[in-house]
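Hi,

Here is the structure I said I would pass on. Have a look at it first, and then read on for what turned up.

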Amino acid sequence: MDPAFFLHLGTILKWVGIALLPVFLLPLVTLVLPNLVEGISKRVSAIIDAISGVALGGAIASALLLVMFQLTVVVLRYTYGISFTWLNELVIYAFAAMFMLGAAATLRDDGHVRVDILRPRFGADGRNWIELAGIYFFLFPICIRILTTGEQGLARAWSLFEGSSESDGLPFLYLFKTLVPAFAVLMLAQGLSEALKAALRLTGKLENEVPATSETESAHGA
Amino acid sequence: MELEIILALLMFASAIGALLMGYSVALTLGGVALIYALIGIGLGVFPEPLLRSLPSRIQGGSIMQNTTLIAVPLFVLMGVILERSRVAEDLLHIASRLLGKLNGGLGYAVVLVGALLAASTGIVGATVITMSLIALPSMLKQGYDPRLASGTIAASGTLGQIIPPSIVLILLADAVSNAASQASLSSGGKSLVVSVGDLFAGALIPGLLLVGLYLAWIAFNAVMRPARCPAVTLDEDTAPLTFKEVAFGFGAPLALIFAVLGAILGGVAPPTEAAAIGASGAVLLAGLRLAREANSRLAPVIMAGLASLILVLVVRNTMDLRLGVEQMSTASMAGIAVTLLAILVFFAAIGAGLLVLRRMRQLMPALKSATHITSMVFLILIGASLFSLVFRGFGGDDIVKDVLHAMPGGRWGALLMTMIVMFVLGFFLDFIEIVFVVVPLVAPPLILLGFDPVWLAILMALNLQTSFLTPPFGFALFYLRGAAPPEVTTMQIWRGAIPFIMLQLVLIALVATLPGLATWLPSLVAK
């Protein structure tokens with residue numbers, strides 16, 4: 001395949017992303033005109049949640065592959081005294097894919113740790129406003145920054161179809177590096193979905209959930 | 001004061017303020033740092049190229065290609081699978097039955113199982129919740145003092161932080177190792193390598209001492225005030241434990257934990273490889289445990305897998321199986337053929353274990369929960385490394401160094417100050433955040449002052465573990481409150497924790513005065 005094709009594809013994707021930027025105003029529109037956009041907001045949020053679910057499937061598959069690859073490494077090294085760079089790289093790829101693809105679904109399922117000391121006192125509305133502020137001031141800027149600063153490096157990796165620096169390594173380093181923008185895009189989208197949900201809750205279009213699910217509890221202190 | 005120093009301090013203060021708002025810790029840390037970096041660039045006091053390095057940092061050796069941290073998801077998987085397959089529950093039931101006839105017996109059982117569970121899962125919240133749901137009601141029913149019962153459960157739950165193979169010790173090893181190489185770089189001295197194995201070895205003696213101290217406190221109560229922790233009165237018709245139950249419920253998890261720890265401490269396998277063995281062993285155990293309930297015919301396959309594992313071990317250690325040797329004897333060839341077959345059976349057994357888990361509807365929840373926990377940890381790593389990057393860009397690490405070097409009382413004053421700050425941060429930040437944000441800042445100057453990195457890390461771990469037990473904010477107490485029956489008052493939980501906090505302080509003082517407790521075992525392993 002010609003690298004130029006993928007570079008064009010990348011440019012197109014970038015412009016699609018820029019064209020989609022107005023969608024990020026939807027949570028704010030939801031706050032002002034809840035009745036008008038309720039349907040579309042719920043729809044967008046549901047689609048994004050489903051996409052994150054697909055990515056979670058990829059993360060879960062990576063988790064299983066991680067165990068299998070690492071176990072193969074152990075068995076080959078311990079029993080026969082042999083090791084392969086490409087197999088070790090498969091371990092790293094599966095490891096990185098597990099959390100880079102899983103982070104967005106973890107956001108969806110409220111699995112990222114929060115400081116819980118004052119949180120119960122803010123009330124449901126307060127928590128929703130904090131959610132919106134956190135998404136617009138922290139989540140979006142971080143992801144956009146990762147996307148914009150990573151653009152050149154990514155284009156270089158794809159234009160060379162960059163592979164491992166080791167001779168018996170995997171020729172897929174460019175795909176590995178693509179996990180970073182994939183993570184940023186998934187997180188941006190999931191952030192949008194969470195912002196929509198917070199806006200819908202603030203305008204009474206969605207039930208408030210009870211905070212502190214069992215998922216966050218079991219995640220804590222790991 | 002210079003502008004960048006003001007910005008660094010403001011950034012730290014803003015981060016703490018913003019964290020209290022309760023938005024995701026990882027994103028708050030990263031977001032605050034990004035905002036301050038942009039302000040700094042605008043004012044011309046922050047080097048912009050530093051911020052450009054963010055994507056390459058994420059995909060580099062400190063996060064996505066961090067070979068040390070590959071052990072984290074594997075140990076998480078091991079713990080989650082053991083928890084889901086109710087191996088943990090069995091452990092507690094059998095231990096209480098075995099020890100219940102003694103005064104204080106249920107208390108001993110909780111401490112011992114806490115230590116074992118800790119060793120297998122290392123997840124505080126999960127351990128505290130499991131034990132409060134299973135052990136607390138029966139302790140209360142048998143007439144235990146609610147203070148003693150809840151204190152024992154909370155304290156035993158925090159053992160997961162210090163007893164290897166704890167996940168936080170892996171993260172701590174990564175942070176301290178970076179700090180040590182940074183310290184040796186700036187001093188020009190010899191480079192100190194701190195491996196995960198070193199920290200596991202270093203934590204073992206203090207961890208076991210802690211278990212001993214907890215047991216001693218319960219024994220003291222059992223002798224002096226037996227009414228607080230009476231022996232269990234069994235119903236007449238309760239069937240006695242069979243040998244098989246004990247062997248499976250107690251022996252099997254114990255064997256798994258010893259195998260994993262032994263492989264690491266004995267230098268047979270690095271932690272990542274041992275973790276993979278642990279995760280697959282957990283799948284086999286869970287498969288066996290659930291196959292009985294599922295009426296599955298796959299149990300023999302799993303047993304065959306365990307047997308073939310032993311076969312591989314025996315053959316591997318009796319003959320030379322290395323491939324790539326020029327002249328291979330016929331015996332070696334036969335050995336290779338046999339082990340290859342055995343390895344295939346082993347992998348088939350893992351497949352069977354996964355199938356059993358799936359049939360009992362535990363596979364997807366376990367994998368999902370492990371993915372969530374792993375994503376949570378690594379998102380914090382991403383956010384915290386952005387924070388550290390920007391804090392360093394403002395010269396914040398120099399401020400920390402200067403403050404620590406200027407402490408009254410010399411290096412011990414600096415150490416005490418660090419410990420107090422970490423203890424207070426432990427009230428609202430998790431171990432993971434503190435390891436990723438605070439340790440990289442304070443550890444290099446402290447190591448430069450001449451403290452041993454392993455010893456320092458163990459002290460920090462013990463310190464944070466104490467913080468999690470301390471009212472009113474201790475995490476372990478929060479979880480206990482959430483899972484405890486309402487007749488146990490919050491005040492009882494708090495008062496029950498106090499004797500255990502005292503024991504913690506005793507141990508911290510011991511390790512501080514006798515560094516050998518933490519450094520002797522790693523030095524043996526290194527040889």
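Before the details, one term: two residues touch, or are in contact, when they have heavy atoms within 4.5 Å of each other. Also keep in mind that this is a predicted model.

Let's start with chain A as a whole. It has seven helices and zero strands, so to speak an α-α-α-α-α-α-α run when you read from the N terminus. Its C-alpha atoms fill a box of roughly 65 × 45 × 25 Å along the principal axes. Of the 222 residues in chain A, 48% count as buried. If you take the contacts in chain A between residues at least 6 apart in sequence, 76% of them join residues at least 24 apart.

Next, the nonpolar core. The largest one has 268 residues, and the members that touch the most others are Met187(A) and Phe75(B). Helix H16 of chain B, residues 363–393, gives the most to this core, with 18 residues.

What does Met187(A) touch, leaving out residues up to four places away in sequence? In chain A, the list is Ala103(A), Ala104(A), Leu107(A), Leu139(A) and Cys143(A). From chain B come Leu27(B) and Leu379(B).

Now for a place where a helix of one chain meets a helix of the other. Helix H3 of chain A (residues 34–80) and helix H13 of chain B (residues 271–294) have axes that come within 9 Å and cross at roughly 115°. The crossing of H3(A) and H13(B) is left-handed. On the H3(A) side you'll find Val67(A), Gln70(A), Leu71(A), Val73(A), Val74(A) and Arg77(A). They meet Thr272(B), Glu273(B), Ala276(B), Ile277(B), Ala279(B) and Ser280(B) in H13(B). Sorted by type, the residues of this contact are seven nonpolar, three polar and two charged.

One last residue to click on is Thr339(B), which sits in helix H15 of chain B, residues 330–359. Is Thr339(B) buried or exposed? Its relative accessible area is 1%, and buried means under 20%, so Thr339(B) is buried. The side chain of Thr339(B) makes a polar contact of 2.8 Å with the side chain of Tyr80(A). Not counting residues up to four places away in sequence, Thr339(B) touches Thr79(A) and Tyr80(A) in chain A, along with Val312(B), Val315(B) and Leu321(B) in chain B.

Cheers

Terms used: Residues are numbered from 1 along each chain as its sequence is written. Chains are lettered from A and ligands numbered from 1 in the order in which they are written. This is a predicted model: local features need pLDDT of at least 70, side-chain atom pairs count only at pLDDT 80 or more; totals for chains, interfaces and linings use all residues. Side-chain values use heavy atoms; hydrogens and water are left out. A nonpolar core is a set of buried Ala, Val, Leu, Ile, Met, Phe, Trp, Tyr and Cys residues joined through side-chain atoms within 4.5 Å. Buried means under 20% relative accessible area, exposed over 50%, partly exposed in between (1.4 Å probe, protein chains only). Helices (H or I, at least four residues) and strands (E, at least two) are DSSP runs, numbered from the N terminus. Axes are lines fitted to C-alpha atoms, for helices over the stretch in contact, and angles run from 0 to 180 degrees between N-to-C directions. A crossing is left-handed if the near helix is turned anticlockwise from the far one by less than a right angle, and right-handed if clockwise. Ala, Val, Leu, Ile, Met, Phe, Trp, Tyr, Cys and Pro count as nonpolar, Asp, Glu, Lys and Arg as charged, and the others, Gly among them, as polar. A polar contact is a pair of N or O atoms within 3.5 Å; within protein, one must be able to donate a hydrogen and the other to accept it, and residues adjacent in sequence count only if both atoms are side-chain atoms.
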